[in-house]
Amino acid sequence: MQGKGFVKVFLVILTLVTVWQYFLIWPTNKVEKAAEAHAAQVAAEAPADQQDQVKRLAEVKYLDSMSTETVLDIPLLKSYTYQELKGQQLALGLDLKGGMSVVLQVNLENFIRNMADNSGDETFQQALQRANEMQKEAQTDYVTLFADAWNEVAGEKKLAPIFLRNEGLREELNYESSDGEVIRLLRQKADETVNLTFNLLKKRIDKLGVAQPNVSLDEGRDLILVELPGIDNPERARTFLQAAAKLEFYDVFRINDPGIQQALIRANELLTARAGKDIEQEIETINIEYATDSLGQVDSSVVLNRDTIYKAQTTDQGVLFSKFTLNSGTMGPAVMGQANKNQREAISELLDKEEIKNLFPPELEFKWSRNPAKNYETGELTDQYQLYAIKKDPLKEAAPLTGEHVTDASAQPDPLTNEPAVSLTMDDQGAQIWGQMTTKAAQDNEREIAIVLDDEVVSAPGVRGPILNGSSQITGSFSIQEAEDLASILQVGKLPTETSIIQENLVGPSLGEENIQRSIRALLIGFSIVLIFMILYYGGGGIVSIIALFLNLFFIFGALASLGTVLTLPGIAGIVLTIGMAVDANVIIFERIREETREGKGLLMAINDGFKNSYSAIIDANVTTILTAIVLAYFGLGPIKGFAVVLIVGVLASLFTAVLVGRLIIDWWTGGGRSMSFHTGFSKNAFANLNIDWLGKRRFAYIISGTFLVLGLASFFTRGFELGVDFKGGYSYNITFEQAVEAEALRESLTTAFEGSVPTVKAVDTENTYNVVTDYLIDSDAENADDQVMAKLHEGVNSLLGGSIALESFKDPEGQGTHVTNSSKVGPTIADDIKNSALEASIFALLLIFLYIFIRFSKWQYSLGAVAALFHDTLIVLATFSILHGLVPFNLEIDQTFIAAILTVIGYSINDTVVVFDRIREYIGLYPNKNKKEVINLAVNSTVSRTVITSLTTLFVVAILFIFGGTSIKGFAFALLVGIIVGTYSSIFVATPIMSDLSAELTGKKQTERKATFSRAASKAR
C-alpha cells in the first residue's frame, strides 16, 4: 500500500484531534453541574409554587454569567470561555431536546419604501404589489423580485427619480442613473440591512438565556433560521425575535384639550350617519370661557370658547362608540378611551378615514397601548387597551427623541410602586432633548409624555418637574421577566427593518426525550445487526469492517461536534443510514478479494488487487452520494440541511476508515504471516459462478416497471398525495388526550370550532395522541392569528371533552392532562418556497449525476441509463406513497423529510448502478472478443453479490429505523426502504438494459498489457 506512512500519521493526528474534541465536554459539564447546584439552592428559598420557574431562571442566569469566564486554561496556548467550548460541542436539536424553531422573513418591502422616502408614485406601488405576489412562489430575494416587477409595469419610466427623493442617496445616484445601477445600490443596501438585522438578532438571542441556540442566515432568500432548544416560553421568544425595538418619545394631547373630545363625538356621528343610523347624545357638562374687560371683570356677553362634554355613549350609540368607550374622566387625562383587544384594528380603520382625520389637528396621531389597562381599584389587568393621541410633526418623520440616544437600559423596581420597570440612561444630546421635553411638559400642567415602543404606547407618565440628567423610566404593568427582556432588547438596539415569522415549530421536552430514546435504540440495534452479519458472512474481514465502523462513528461524532452541528432526528437517521452505507466500501473490496482468490491468486496478491481494482467503483459511488448531499445542504432548511451535513461527514469518514484504515489493519495482520479469511463456511461460495442472462430478462422487467408506473400515474391524478404542512401551509398540532377519543368525533368538533374549515386529523403511534392540521386563518395578516387558531383548537377540544380544560394548560407543551405536545406553522409563502426548492433540488441532483457519469464514462448512453433509472426509482417511491396513503397505519406525507429521503435514494441507487457500469467498462478491456450481451451479463453476474449484500446491510438498519424510529421518522424510513429495494432492482433491470439498448456493440482495446499482467500474475499465483 503506497503512502502507508502518511495514512498512519493522519490517523494519529485525526484521533488526537477527535479525543481533544471529546475532552472539551468535561469542563462544560463541570460548569453546568455547578449551575444546577446553584439553581437548586436559590429555588429552595422560593415559595413552593414558584420553585420550578425560579430554578430555571437561576440556572440560565448562572450560565449567562459564566459565558465569558475562562473555564479551561492551557498554558502558553489558549484559554477557553464557557461559551467558546459550548460552541464546539454537539448540540441537540429541537426534536431531541424540545424547544422552538422559527424561520424569519426580513421585510425588505418596507426597506425599499423607506429608501424611496415613502414615495406615493403609482407605478412604484404597483411594482411593490407585484413583487409581493411573486414572492409567494419565487426562490429569489425580494430586491430581484422588485426589479422584475418594475420591468413589467414601468414601461419607459425610470427608477432613479423615485429614489432621489431620499437625500441620503443623492451622492450615489443622479437622474441619469440607469435602473440597473439603482437595483445594484438597493441590493447592496439590502444586504447591509439583512446582515445587520441578523447580527442584532444574534445579540438579542444571547440575552434570551438559551443554551446553544442556532442562528443562521439564508442570504439568497433573506431568511433567518433560529433554533432555540429548551425554550419554555414561546411568546417571550416571539417578542425577542420580532420586536423592532423602535423607541420613541412624544408629547400628547389630553382628552379635555379644546376640541378633542368633541372631535371624537363628531367622528362617531359622521360614521353613524354614513351607516344610516341615528344616535342621541347626553350632555354631561358645558364649559364656557368668557371674555374679560380691562379691569379683569368677566364679560358674560362675549363667549371666547364653548366646550361641550358628553357622557360616554352606550354600546348601541353609534358605529364608533359601539366598539370604543370614550374617556369620561375616569381613565387618566392622556387617554382618549379604551376598547377590547380584538376591536382595535376596526377602530383604527374608522379613525384613519380621511374625513375623520380632518376633524382632528393635523399633528395628532392615534396610538394604542402595548398592554391592557389596569383596574386601579383591584390592581388587576383588564381586557381593555387604551387609545392615546400623540403630537407628531407632519413635516418630520422622526420623533422628537428616539432610542438611538439611549446608552443603557436596566430592569429596576419603580421607587414609587416597587413594581418592575425599565430605567434608561441617555447620551448628552438625548439628555438635552429630554430636558427640553420634560421642562415643557411640567410647565404645561404636568402634562404626560408618551413612551412608544414599536408604535405602541408602553407608558405615558405625567411630568412633575424637569429631568435634566438624561434618565427616564418605562413602567407598564411588567413582570420581572418582561422588564428584563425589554431592557435587553433596548440595550441591543432597534432592528433596521421588520421581521416576521413565516414558519414556526414548537416541540415539547417530553416528546424530545422520547425521540432520543427511540433514536438511541435504533442506533444500537442497527449497529448490532450489521456487526453480527458482517462477522457471520465475511469472517476475519468482517471483524476489520466492524473496527472500521467503530472508528467511523468515533470520527463522525467528533467532526460534527467540531463543526458545531445541531444534531436532529433526521441527523440521527443520517448516522443510522451511514452505518448501513459504511460497510458498502468494505463489501466492494471484500467481494473483489473473493473474486481474485477464486481466480487462483494467493492471499496477499488477492488483497492487493482487490483493493486496487475496487478504488474506481468506491470513488464513483461515494462521489455521487456526496453530490446529492451537497444539493440537499444547499436547498434544504434546518433539520434537512443538518441531515445532509451528517451524510457528507459520514461518507467521508467511511471512505477513510473502510479503505485506508481497513487496509492498514489487514496489512498489519497479514504482514506477520498470519492468514485472514473473507468468508465463512456458509458464505464461501455464495453468488459464485453465477451465469444468469440478465439482459434477456429486460423485456419482462420493462413490463413490470411500466405497469407499476402506469398504476402510479393513475394514482397521482386520482388519489393524489398526502401533502405535509411544509408543502401546503397551515398549522399542525400534536394533541395528547387524557382519555380515548375517536378521530371522527374530534374532526367534527374542530370543524365547528374552525367555522367550517375541515381539519386533517390523524392518529399518532403514541397512545391517545392525534395530529391536527388546519389552514384556518393561515392567510390572515392579523398579528394575533396564531393565538386565535390556538383558541379555536382549544374550543373544539373542550367542546368534545365537556369544557373542563383551561387554555393555558392546554397549550403548554409541558402541561398535564389533555394538552398540545408540539405545534408548527408554515405560512403560504414559505410553503411555496419549500415546494419549489424540492423540485429544483431533485432536478439539479439528476443533472449533476448525469454530468458526472458522462465525464467518468465518456458516453452519454451511460449517463442517460443512470438518470433514467433514478427517475424510475423516484416515480416508484412517489407512486407507492400515492397508492398507500390512508391505507397504512402511519403517515405517508410529502414534506421536506420525504424530499431528503428521495435524494438519499437517488444517491444510494446510483451507487449500485455505478458499480455495475464500472465493471462493464473494465470487462470491455479484458474481454474484447466477447459481444455486448456477454460482457454486460458477465459484469452484472460478478457484481450482483456486492449489490445484494450492501442492500441487505442498509435494509437492516433502515428497517430498524422504521420500526423503532417513531412517528416523525417513519415515513422517511419507509421511503428509504422502498427506494433501496427499487434502486437495487433498477441498477440491474433498468439502468443497464437502457444503456445497452442505446449503445451500439461495445468495443474496447485489444488485449491490454494490464490483462497480460493479470494472466502472468494468475499463473504465478497458481
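These are my notebook entries on confidence and on two helix contacts in a predicted model.

**Confidence**

I looked up the pLDDT first. The protein averages 82, and 89% of the residues score at least 70. I then asked where confidence is lowest and where it is highest. The lowest mean, 41, belongs to helix α33, residues 1009-1021. Strand β12, residues 364-368, is highest at 95.

Next I checked residues 1004-1022. Their pLDDT stays under 50 throughout. The model has 21 contacts for this stretch beyond four places in sequence. I leave the details there alone, because predicted coordinates should not be read in detail where pLDDT is low.

**Helix α10 against helix α11**

I moved to α10 (residues 179-206) and α11 (residues 234-242). Their axes come within 9 Å and cross at roughly 150°. I noted the crossing as right-handed. Which residues meet here? From α10 I listed Leu201, Arg204 and Ile205; from α11, Thr239, Phe240 and Leu241. This contact divides into 4 nonpolar residues, 1 polar and 1 charged.

**Helix α11 against helix α16**

I stayed with α11 and turned to its packing with α16, residues 480-492. The axes lie 10 Å apart, at an angle of about 20°. Angles under 35 degrees count as roughly parallel, so α11 is roughly parallel to α16. This crossing, too, is right-handed.

On the α11 side I found Arg236, Thr239 and Phe240. They meet Gln481, Asp485, Ser488 and Ile489 in α16. I sorted the residues of this contact into 2 nonpolar, 3 polar and 2 charged.

Last, I compared the two lists for α11. Thr239 and Phe240 appear in the contact with α10 and also in the contact with α16.

Terms used: Residues numbered from 1 in each chain as written. Predicted model: local features only at pLDDT ≥ 70, side-chain atom pairs only at ≥ 80, totals over all residues. Heavy atoms only, no water. pLDDT = per-residue confidence, 0-100. Helix = DSSP H or I, 4+ residues; strand = E, 2+ residues; numbered from the N terminus. Contact = heavy atoms within 4.5 Å. Axes fitted to C-alpha atoms, helices over the stretch in contact; angles between N-to-C directions. Left-handed = near helix turned anticlockwise from the far one by under 90°. Nonpolar A, V, L, I, M, F, W, Y, C, P; charged D, E, K, R; others polar. Parallel < 35°, antiparallel > 145°, perpendicular 65-115°, else oblique.
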